[in-house]
Amino acid sequence: MSLSRRSFVKFLGVSPSLFPSLSFAEASPALVPFPAASVPEGSDRPLQLPFRHIHLDFHTSPAITGVGEDFSAGDFAQTLKDASINSITVFAKCHHGMSYYPTKVGTQHPHLKTDLLGGMIEGCHKAGILVVSYISTMYDQHMWRQHGDWRVLDENGGEVGLEQNTGPMKVELGRICLNSPMLDYLAAQAEEVVKNYDIDGMFYDNMDYPSSGCCCASCMLEREKLGLHSTKPQDRVKHAQMVLDRAMSRLAPIARNKKPNMRVFFNGPVGYDRVPFIRECLKHFTHIEIESLPGGGWGYGFYEMAARFERNLGLDTMGMTGSFHRSWGDFGSVRNQAALDYECFRMLAGGNQCCVGDHLHPRGKLNPAVYERIGRAYRSVVEKEPWCRNAKPVTEIGMLTNLIHGYHTGAYESDVGTTNMLEELHHQFDVLDRESPFSTYKLIILPDSHRLDAALLAKLRHYLAGGGALILSHESGLDEAGKEFALEEVGLRYEGPWPHEVQYLEVTDPALNQGLPHMVQILYEKGDAVRLEPGAQPLARVWKAYFDRSYLHFQVEQTPFSEPTDYVGVAQRGHVIYIAAPMFRMYADFAYQFYRLLIGNCIARFLPNPLIKSSAPSTARITVTEQPGRKIVHVLHYAPERRGRELDIVEDVIPLANLKLALRLEARPRQVYLAPQRQSLKADFREDYAHIIVPSVEGHQMIVFED
Ligand SMILES: [Zn+2]
């Protein structure tokens with residue numbers, strides 16, 4: 001959708017605070033013409049997602065009466081349209097196993113008198129809104145109750161539910177195995193929906209076959225038949241992939257073959273926690289949706305990690321937040337406006353499209369207060385879309401995720417710590433797996449736990465030989481047994497874990513110490529005992545404490561540092577820096593500023609001229625994307641605060657004023673302007689950077705640098 005002059009004036013009218021002061025010395029009041037550069041329409045991806053999607057849950061117990069009685073197709077579609085929504089996922093069948101249309105295959109909700117699915121599709125299509133149909137797969141309480149032998153079992157024969165083990169009398173959602181006649185049932189339901197309705201895609205939810213395997217009778221017997229051992233976790237993992245692949249191979253074509261541009265998505269198999277298995281699943285997908293409700297169990301960090309990996313898999317990707325205060329199905333709550341804005345705008349800033357999850361009330365009427373908030377966020381997305389369509393993130397650092405080492409065996413906290421550090425330092429980065437093209441990054445970070453097998457070692461050596469740089473910490477770079485360095489390029493000798501109770505660190509190199517408090521620093525988690533070999537340069541050394549505590553040598557709290565040792569704290573050899581402590585995990589756990597500044601100084605040794613330099617506080621998030629002929633810098637300033645015991649809250653926008661920002665460019669930009677305001681900014685181009693002053697950032701601001 002393009003920005004008309006009328007809507008632009010209207011935009012100014014409703015959000016005057018977004019428009020910077022015209023009297024500001026560095027900002028010229030001139031408006032750049034629109035479109036300032038051509039808006040790219042083409043995509044190198046198989047399917048282009050719309051920007052403003054809703055995922056509308058409708059899990060409705062058969063015990064609830066009056067279902068859909070307040071539904072009006074016209075009102076439903078108008079509410080969506082008023083909120084600038086152009087695409088929606090609606091329910092064919094829910095977790096309860098209830099269908100919301102007249103079905104010959106499944107079971108229609110006993111208290112639904114109309115064709116709710118048909119009404120939603122018709123109403124939305126009349127309003128120009130695309131409609132994806134939802135089918136719950138492994139959660140179908142209706143079938144679960146009827147088929148005891150279809151249920152997912154754990155190693156002890158316990159029935160696996162949504163949150164915990166379940167059973168016939170538990171108040172919990174039961175999980176059904178896909179390696180059962182359930183797959184035929186699901187296929188028949190999908191075929192019925194695709195045949196009877198003009199849908200634009202299919203969303204198969206909760207394809208949550210356990211990656212560690214299912215122990216129901218059919219899975220146990222099938223593994224035997226295939227020569228796989230159920231007692232071996234790796235064989236169960238292998239079988240899990242086979243079961244999932246079989247199910248997706250069966251279900252994907254049902255929708256895909258209906259018409260061009262049909263969307264097909266399976267929720268579960270490409271979840272970020274399944275990094276080693278994601279790429280082999282992608283052939284069944286037309287796009288990726290990243291379910292991540294910051295008010296739910298995901299928090300604010302998850303999306304950043306997942307999106308920075310999944311956006312580079314060759315498919316259009318949307319983030320998915322929720323309209324709830326907490327998580328799914330949180331009836332009687334609405335997300336703070338600033339939180340909703342932040343979550344949508346950071347999807348744009350990461351090169352993704354937006355989805356907001358909601359839950360329709362059983363009576364079938366959308367909540368106007370909820371859609372007022374979604375509409376506020378999405379109307380702003382409309383204004384911003386021209387600078388976001390087909391925009392590709394520009395990055396120069398890669399973080400190799402610890403999840404590559406197997407399902408749930410990676411050190412997740414180390415990924416969180418690295419992501420937090422790099423974002424707070426305003427570096428531009430992606431999350432990588434083994435298959436990622438290492439050579440496109442100037443620097444790759446291997447946080448904390450990357451013991452190297454032969455294949456990874458060879459790939460890293462090749463990367464280094466090609467001029468790449470590495471930062472490794474703790475066990476990263478060791479051989480698979482953790483006995484010695486496999487990556488000899490570090491130029492160090494590994495003696496083992498630090499053998500004492502406490503470990504301290506002193507930065508000895510003056511350049512690395514720049515901006516740090518000059519003092520001996522505590523390592524909140526002890527690391528390793530590592531010696532220098534010839535050729536490596538010491539940058540920091542380890543200090544020991546007076547003693548390890550016992551009843552004879554007791555010291556309250558932690559024993560103070562006593563003297564320096566010859567052990568390496570940080571060392572560099574060529575393009576490799578090694579840190580002898582789990583620095584990234586420690587940052588996730590303790591957020592000690594020294595750790596981040598130290599890593600920042602390590603990065604600066606390899607990246608003295610990062611893509612972005614700015615005066616922004618660590619609470620700001622800055623990303624760079626590009627479209628043909630221009631680069632777009634996104635500045636976001638929302639600061640989640642831990643206000644609830646388990647909840648980070650965004651409630652207010654805290655404006656930034658007169659933000660100094662410099663973008664590294666190959667040549668002087670033809671023009672620089674604020675978007676979507678289209679207000680010109682004066683840029684000073686020197687030493688390969690375009691320097692600007694952003695008069696004001698009220699939540700989210702795009703700055704466009706045109707070639
Ligand atoms: Zn099974």
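Student: What makes the 9 strands an open sheet, and in which order do they run?
Tutor: The order is β16-β15-β17-β18-β25-β24-β23-β20-β21, with mixed pairing. β16 (429-432) and β21 (521-522) stand at the edges with a single partner strand each, so one side of each has no neighbour in the sheet. Strands here are DSSP runs of E, at least two residues; helices are runs of H or I, at least four; both are numbered from the N terminus. This is a predicted model: local features need pLDDT of at least 70, side-chain atom pairs count only at pLDDT 80 or more, and totals for chains, interfaces and linings use all residues. Residues are numbered from 1 along each chain as its sequence is written.

Student: How do you know that β18 and β25 pair?
Tutor: Two strands pair if DSSP finds at least two bridges between them. β18 (residues 469-473) and β25 (residues 576-579) have 4 bridges, in the parallel sense. So they pair by that definition. Serine 473 has isoleucine 579 of β25 as its bridge partner.

Student: How do you know that the span of helix α15 agrees with its 14 residues?
Tutor: The expected span is 1.5 Å times one less than the number of residues. For α15 (residues 593-606) that gives 20 Å; the end C-alpha atoms are 21 Å apart, so the two agree.

Student: Why are some residues of α15 called buried, and which are they?
Tutor: A residue is buried if 20 or more other C-beta atoms, placed from the backbone, lie within 10 Å of its own (exposed: 12 or fewer; partly exposed: in between). In α15, those that qualify include Tyr595, Leu598 and Phe606.
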